Structures are given as C-alpha cells and as structure tokens.
Amino acid sequence: MSYKIPMGPYHPGLEEPYKLDMICEGETVQDAELNIGFNFRGIEHLAETRNYYQVIALMERVCGICSFIHTLTLCQAMEKLAGLEAPPRAQYIRVVMSELERLHSHVLWAGIAAKLMGFKTMFMTCFALREKVMDVLQAISGNRVNYSMNRVGGVNRDVEDPSSLLPLIDELEREMMRTVIPIFTTSSTARSRCAGIGILTPEKAVSCAVVGPTARASGINQDLRRDAPYAAYAEMKFEVPVEKAGDVRARLFVRALEIMESCRILRQALTDMPPGEIAVGGDKFNFVTGTATSRVEAPRGEVIYSVSWKEGSRNPARVHVRTPTYANMPAVRWMVRGARLADTPLIQASIDPCYSCTDR
Amino acid sequence: MKSLETLRQELGIAEPWVENRGTWWLNPGTVSVRHVAKVMNEMHARFITITAYQLPGTEGFRLEYHWDLHGRLLGLPFVIAGNAMESIFDLCEAADWIEREIHEEYSIDFTGRAYEPLLLRKGDKTGVNLREDPNAPPKPAAAAPGPKEVAK
C-alpha cells in the first residue's frame, strides 16, 4: 500500500521552507511532488518601483549566499543599457568576489551535507573554514553577507593590497587539502551515505536543463565562466570539473574540485590585478530604451537577469530573474525516485538548493 | 556561427540573427513556438527561461524565449495579442515551472497543459503580481537617488 509523507515546509532537515510530498511504498520513494512559494516576496514587482541605486540593494537581497552574484548580473545588464563597461581593475575585483562567494557557498554546503550525513565533526570543520572565507570577504568589502560591492560601471570598493590576501587563500587551500577534501572523498561515512544515491542520469539532466555543479556531476560539461566569459574570466586559466556518475557523491566531488579551482583563479586574479580606476560613469546614468540580458555562473549554476528600461526613467520597467535552483529543483523529483526515505534530505540538499532565490 | 545558421535554416526563418547586447535575436515571424522548441531539442540547445513583458495599453504581451547553444545566448520573441500561448511543456520539460509562474503573474494561459499552483496557493487569483490594468493610472516614478545612495 502506498502512502504520502510530507517533508516540509518546516522540517529539521531543511533550512528553508519548501515542501516535498513523497509517495512511498514501504521505505522506498515511488514519486514526489514539489511545492515552493513559501518565501515569495514579489521582488520582481518591487524592482519596478525602485530607482537605479535602490534596485541594486534590493536584488542583493534575493539571496543571502550569492548576494554579490545577483548584483553583478544585474549591474552587467544595466551597464549594457547605459553603454558603460567596467574598467579592468573592477573586472578583476568582480572575479575575486565571485570566487570567494563560490568558496563560501561550497564550504557552507559541505557543512550542511556533512550534518545531514550525521557527520557532525565535519560540519564544525566546514563552518570554521567558512568563517575564514567570510573574514576575507569582510576584509575586502567591510561586510560579511551583503557586500554592497557592485555598482553600475564598476565596484564600490578597491582591493588596496591584493597580495596581502594571498596568504589567506593559501591557508584556505591548505586546510581544504588537509581535511575537507580527503575526508569527503575517502571516508567510509561519506561514501556509504552518498555513493549511488540520488542519481540524475545525463539524459534527465539534459531534459530538465539543470545547471551548475548539478549538471556537471551528471556529465554535462558546461560553465559560463569558460563558455561565455564575463568580468575578467577570459584571462583566467582553470579547469571545469565534470563527473559522470550523477549521484550525490559526484556532486560532492565536483564541488570539492571546484573549491581548488576557485583558489587557483583567486591566486591569478589577485596576482595579476591591473592598476587603475574601479568605476566609470559618475553618479547619474542614462539608460536607453530596451532590454538587456546578462548571465553569470553562480556557485549553484547559471543566473540570468533580463532587464527592461524606458529612456529617461529612474526605475526599470521590468526585471526578470531566473536563478539556478529554479532550474535544478524540478530534477529532485527524478533524483528521489527509488531512493530510501531516509536519504531524501541529503538528496535534496545535494543540489545546494536556495529557496530564497527560487521564490524571490 | 555555423550552428546558428543551421539552426535558422532548420527553423525555416528567412530573417538573419541579430546580435544585440550579447544576445543573439531571431524574429520567429509566423513560426510557432512549438516548432522552435522541437528544433532546439534536435540541435541540443539548452532551454533557459521565458521572460514576459506586458505591452502598453491593450497590445498584449511579448514572451522572450531564451536558449543556450554552445555558450551563445539565443532569444526568440513572440508577441501575443490575447492571453493565450501554446505550451511547450510536453516538448521541453524544463519549461514547466516558468510557464506556471507566468500564468500566475500575468494570467497568460499556456494552452495544452494542466496547471498546479507554483508560487501561489490553490484558489489564489492569478495576474495580480505583475499584470497591470491598462485603465489604471500610471504608477508613480521611483524617487530620485538621494545623497546617501549616491555617496555610497
């Protein structure tokens, strides 16, 4: 006899509100229904009522983890409409902040995944590391979560001595190599909880059009930093990790390898950062009538902003946001099919979901 | 560039691709969105999203469909005079949530599919969030940036 088990909208295994109704046969999940919208704030509507400074602060609050990425994507779209291009130093600072945010997101995710595996020591280790990443973000921006770094035409704050941040990056990388990566890749706890569960086949990944590490863990070789470079990514040398297994362990491996690649990119960006101004365009902007679209590879995958403006207006006519979790979340239905009920919190966490982003 | 030309020929569209602000635009003319979705699947293009814009007065809506082809961002705008558009959900699973969301935000009906609520709850009224009443007075403009905002 099949029965339905609701998980959420408020559940100890989920930090944000959403609901997964699982249809089970015994302990095995046969199918699942997803329900979102518990965090819906009407941000796209609000954006239409904010001027070109306020809208940046508003969109920074779409997501707590990727706040820099959201403003970067928005500012890139607004720069297209204002006919501006951020100066080279600002482009490098954008790369530095984006990669630090990726490190922050991946380490935070690793901690939560460890907690869901029942691996509390690892959870604490990851969160201690996360603090170090946040210290670097604070050293650059003065803030730990919403950084207020982006503006139309560049960035608000300079990195005054980029080389002084290199020892912090070295320390982070050392700690990752010493503890996080070996434990996640070799420990029997991680293997037994992650290997072979929550499989998303390459065919299903293509059909669901998933993005980011979720796609790369199912064998899809895509990354906007390489395929459609923005900011200063065209000048960075890095690899795009791809795994084929499509299970939770593959998603873990992809993120672990991406942490190392982020450290590599950070070292290049901090070493090669060109001198010069950090913003152009002054304080007032003239946007032309039209639509501009911008895409950025966020820690969870592709973020896309479509911004529409009417010339002479202070506020956008329309801002549409498609976040990575919005693309990845429907695939959870296929990942949990056939899984044991006890594995479902970890499976849904393996896409690193953000419902704040998804609901907007 | 070759793949874009192949795609245009497969779609049966005479007008060329136009690159504007980093997006490659193609005017679909009379070609249906379902034919576009089928060809995009054959070309292994990745569906990204649909962005809906309400046109002034009672002119209808513009729906911009975005796909990614080998890192190129493609845009195909479809203008609809009424409230209905063919669904591509059966051809493109990834379009499910965004069709449901646009239905809730603008009350646009994607024909040929069933709906479950996405951001709203069962029984909630659609078209409240982003759809504007053409007879309503214009919205007040956003305030001019103040000295504190500019000083940041």
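Biologist: Let's start just past helix H3 of chain B: which residue follows H3(B) with a positive phi?

Modeller: Keep in mind that this is a predicted model. Right after H3(B) the backbone takes a positive phi, near 60°. The residue there is B:Ser107.

Biologist: And H3(B) itself, how many of its residues are buried?

Modeller: Helix H3 of chain B covers residues 96-106 and is mostly covered. Among its buried residues are B:Trp97, B:Ile98 and B:Tyr106, and B:Glu99, B:Glu101 and B:His103 are on the list too. Out of 11 residues, the buried count is nine.

Biologist: Which element of chain A do those buried residues pack against?

Modeller: Part of the packing is inside chain B, with strand E3 (46-54), strand E4 (61-69) and strand E7 (109-111). The buried residues of H3(B) also reach an element of the other chain. That one is H12 of chain A.

Biologist: Stepping back to chain B as a whole, how many helices and strands has it got?

Modeller: Read from the N terminus, its elements go α-β-β-α-β-β-β-β-α-β-α. Its C-alpha atoms fill a box of roughly 50 × 45 × 30 Å along the principal axes, and 31% of its 152 residues count as buried. The tally is four helices and seven strands.

Biologist: Now the place where the chains touch: how many residues does each chain put into the contact?

Modeller: On the side of chain A, helix H1 (43-47), helix H8 (202-208) and helix H12 (324-328) are among the elements giving two or more residues. Strands E6, E7 and E8 of chain A do so as well. The side of chain A divides into 11 nonpolar, 15 polar and 10 charged residues. As for the totals, chain A gives 36 residues and chain B gives 29.

Biologist: Those three strands keep coming up, so in what order do they sit in their sheet?

Modeller: It's an open sheet with antiparallel pairing, and the twist averages 15° from one strand to the next. Two of its strands, E6 and E8 of chain A, are edge strands that each pair on one side only. The order is E6-E7-E8.

Biologist: What is the bridge partner of A:Ser306 in E8(A)?

Modeller: E7(A) and E8(A) run antiparallel, and five bridges join them. One of the bridge pairs includes A:Ser306. Its partner in E8(A) is A:His320.

Biologist: Which helix lies across E6 and E7 of chain A?

Modeller: Look for the helix made of residues 67-82. It runs at about 150° to E6(A). That's helix H3 of chain A.

Biologist: What about the nonpolar core: which helix gives the largest share of it?

Modeller: The largest nonpolar core has 156 residues. A:Met78 is one of those with the most contacts inside it, and beyond its sequence neighbours A:Met78 touches A:Tyr52, A:Val152, A:Phe287 and A:Val307. The largest share is 16 residues, and it comes from helix H4 of chain A.

Biologist: Why does the length of H4(A) agree with what you'd expect, and how far apart are its ends?

Modeller: H4(A) is mostly covered, with 28 of its 30 residues buried, and just after it A:Gly118 takes a positive phi of about 85°. For the length, count 1.5 Å a residue, so the 30 residues should span 44 Å. That agrees with the model, because the end C-alpha atoms are apart by 43 Å.

Key: Residues numbered from 1 in each chain as written. Chains lettered and ligands numbered in written order. Predicted model: local features only at pLDDT ≥ 70, side-chain atom pairs only at ≥ 80, totals over all residues. Core = buried A, V, L, I, M, F, W, Y, C linked by C-beta atoms within 7 Å. Buried ≥ 20, exposed ≤ 12 C-beta atoms within 10 Å, placed from the backbone. Contact = placed C-beta atoms within 7 Å. Nonpolar A, V, L, I, M, F, W, Y, C, P; charged D, E, K, R; others polar. Expected span 1.5 Å × (residues − 1). Pairing = 2+ DSSP bridges. Axes fitted to C-alpha atoms, helices over the stretch in contact; angles between N-to-C directions. Lists of a residue's contacts leave out its neighbours within four places in sequence.
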